[in-house]
Amino acid sequence: MDAIKTEKLSKFYGKARGIIDVDLAVEKGDFYGFIGPNGAGKTTLIRTLLGLISKTSGKASVLGFDCAANKNEILANVGYLPAEAVFYNRMTVAELIAFSAKLRRRDCKKEADSLIERLQLDLGKRINQLSLGNRKKVGIVCAMQHKPELYILDEPTSGLDPLIQREVFELLHERNEEGATVFLSTHILSEVGHHCRHAGIIRDGKLLLSDAVEHITHTGAKVVKLRGVRDLPPLIGVKNLKQEGGNVSFVCTDGAKALLKLLSAADFDDMTVADPDIEEILMSYYDQFDRKEAN
C-alpha cells in the first residue's frame, strides 16, 4: 500500500498555477525526497495532500484516506512540519508542546522529553523570544512527539545549525527504521543524496520524474578537469565548458568511450574525472524540461 498516492492532481489559484497533473506514489516505509526550487509547487502539493487546501482536479490519498473527505483522519496520523510554523507567541515552549499533544488527545510526555533533550530546547522561554532555529525545533517536536505513521516535512532543516541538522536526520532515520514513512520537501539537494531512497523532482508545478535516488544520480555524465592544457581540439557536445589559463573543465554526457575519443588528440599534463554532484544533475533535468517546454 502507498503512503501517498496522487493521480492527475492539480491545484490552481484562480488562473495562477499551483501544481499540474501530478502523478506520485510513495510506498509505505520509504524515505522520500521532494526536490524543487522555491515556487515550484512543493508546499502546494503538501497542503493539498493534508486537506488544508482543496484540489482543483484529480485524486489524492494519504495512508489510504481520501484527502478531500478524510482530512481529520490524515492529520491524526501524520506528523506535519510546515516550512514556516506559526505558534501562539505568549505560550512557553513547554506549554505549546503540551498543547499540541492535548489537541491529539495523546500522552506524549515521554517522547517529547526525549526530543527536547536531543534538540536542546529551553522549555521556559516564550515563543516570541525564540530564534528562527529554535522555533523550528519546537515544530519538529510537535510533529514527532506522537510517533505518527507518516512524516511530511517542508524544509525541516532551514534555520538549524549543522549539529542539530544531523540530530534531526538521525531521529528521522530511527523512525524510518521503525516503519514510519518520511516525505521530505527540500531545495537542499545534498540532503536528498545523503538520506533519501527515492526522490521526485518538481518544476513549475509539474513532476518531472520520480525514481530511486541512485537511478536519478547515475546519469552516465562525467565532470572532467584538465590541467596544463597546451592543445585542445574543439569540444563538441560538452556542457558547462570553462577555461582559465591552462585549466579546462566541462561535463561530458556521452559516456566513457566518447570522452576517451574526445581527449585522444589533446595535449595536457593531468586530469580528473568524477561523477557530477546532485546539484549539477538537477540542473541538467531542469535544462531538459526547459527545452521540452520551449518546443
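Helix α5 (residues 132–144) lies across β6 and β7 (150–154) and runs at about 170° to β6, where contact means heavy atoms within 4.5 Å, and where axes are lines fitted to C-alpha atoms, for helices over the stretch in contact, with angles from 0 to 180 degrees between N-to-C directions. Helices (H or I, at least four residues) and strands (E, at least two) are DSSP runs numbered from the N terminus. Helix α6 (residues 162–177) lies across β3 (31–35), β7 and β8 (181–186), at about 130° to β3.

The strands just named belong to an open sheet of six strands with mixed pairing, in the order β6-β7-β8-β3-β9-β10, two strands being paired if DSSP finds at least two bridges between them. Its edges are β6 (78–81) and β10 (206–212), each of which pairs on one side only, and the twist averages 15° from one strand to the next. Strand β9 (residues 198–203) runs antiparallel to β10 and is joined to β10 by six bridges; Arg203 has Lys206 of β10 as its bridge partner.

This is a predicted model, in which local features need pLDDT of at least 70 and side-chain atom pairs count only at 80 or more, while totals for chains, interfaces and linings use all residues. Residues are numbered from 1 along each chain as its sequence is written, and side-chain values use heavy atoms, leaving out hydrogens and water.

The protein chain averages a pLDDT (the predictor's confidence in each residue, from 0 to 100) of 90, with 94% of the residues scoring at least 70. Among its elements, helix α10 (residues 278–294) has the lowest mean, 67, and strand β4 (residues 57–62) the highest, 97. Where pLDDT is low, the predicted coordinates should not be read in detail.
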